[in-house]
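Okay, thanks for coming, everyone. I've got one structure for you today, and I want to talk about charged and polar side chains. Let me put it on the screen.

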Amino acid sequence: MFHLDHLCLGVRDLDDGVRRVQEETGLAHYDGGVLAGDIASTIFPLGGDVYLEVEAATTAAAERSEASAWFDGLLADGADRWMFWSLRADTLEEMTAVAQRLGGEVARLPGRTQPDGTQRIITTAPGPGRVFDTCWRRGLPNWFYREDPATNPDRGAAEHGERGSAVTRLEIGADASELREHIDAETYGRLPLAVVAGRPGVHAITVRTASGREVTLRRNPAQL
């Protein structure tokens, strides 16, 4: 079975971007550490093993890697942008089947280096050689697999706000038939998806908080 796993929101300045998200939603968050390419992250737990990752390039422009320069270039006008969204497979066999269907591979790659120095390793499909053209540029998700559910970032200790308890609506710009085929009809029917017009990618997410409030974070997708 497949589940919503996480979404990535790119911002130009991490502290300012996190402040805006927190002020708009009241959601709690914590320091996620640094990804490869000198991109720093903050995690907003959304409930149900789903989380929002707010990311920004952190090094000076002249010192940026190719990856962080590309990432920051997508935000050149200073506006926040949704980068991508991802699903999670219950089993490695399920994700291997997805990779084969999409002509890719299951890849194990360096993930975030947490503030305590722990290097996370991610298991993902359809792999770095396929993810942009097969998934993200068409508004479609890629997949992750987590061998130990206890390490899911949604379960991290967060502060400065209220924890999310569930994602109740996810607005995606995509062709509905293509999205249904990409993630399978059962997953399409079970997730709280709303297919909307406009650029491919995430357009908005609505989250129910622990107190029962519903908050919506709306941004435009990046042009990947």
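So, to start: where is the place of His3? His3 is in strand β1, which covers residues 2–10. Keep in mind that this is a predicted model.

What does the side chain of His3 make a polar contact with? That would be the side chain of Asp90, at 2.8 Å. If you skip the neighbours within four places in sequence, His3 is in contact with Ser86, Leu87, Arg88 and Asp90, and also with Arg190 and Leu191.

Okay, on to salt bridges. As a reminder, side chains of opposite charge can pair when their charged atoms come close. How many salt bridges does the count come to here? It comes to 19, and I'll walk you through three pairs.

Pair one is Arg19 with Glu23, where the side chains meet at 3.0 Å, N to O. Why are these two about one helical turn from each other? Because they sit 4 residues apart in helix α1, residues 14–25. As for accessibility, Arg19 has 38% relative accessibility, so it counts as partly exposed. Glu23 is exposed, at 56% relative accessible area.

Pair two is Arg112 and Glu53, a salt bridge with the closest N and O atoms 3.4 Å apart. This pair links distant parts of the chain: Arg112 belongs to strand β6 (residues 107–113) and Glu53 to strand β4 (residues 50–57), with their positions 59 residues apart. Buried or exposed, then, for Arg112? Buried, with a relative accessible area of 7%. Glu53 is buried as well, at 4%.

Pair three is Asp80 and Arg219, whose side chains meet in a salt bridge at 3.0 Å, again N to O. Asp80 lies in the loop between α2 (66–73) and β5 (81–89), while Arg219 lies in the loop between β12 (214–218) and β13 (220–221), so the pair ties together parts that are 139 residues apart in sequence. Asp80 has a relative accessible area of 6%, which makes it buried. Arg219 counts as buried too, at 12% relative accessibility.

Now let's put some of this together. Which residues do salt bridges with shared partners join into one network? They are Asp16, Arg19, Arg20, Glu23, Glu24, Asp80 and Arg219. So that one network holds both Arg19 and Glu23 from pair one and Asp80 and Arg219 from pair three.

That's what I had, so over to you for questions.

Methods:
Residues are numbered from 1 along each chain as its sequence is written. This is a predicted model: local features need pLDDT of at least 70, side-chain atom pairs count only at pLDDT 80 or more; totals for chains, interfaces and linings use all residues. Side-chain values use heavy atoms; hydrogens and water are left out. A polar contact is a pair of N or O atoms within 3.5 Å; within protein, one must be able to donate a hydrogen and the other to accept it, and residues adjacent in sequence count only if both atoms are side-chain atoms. Contact means heavy atoms within 4.5 Å. A salt bridge is a side-chain nitrogen of Lys or Arg within 4 Å of a carboxyl oxygen of Asp or Glu. Buried means under 20% relative accessible area, exposed over 50%, partly exposed in between (1.4 Å probe, protein chains only).
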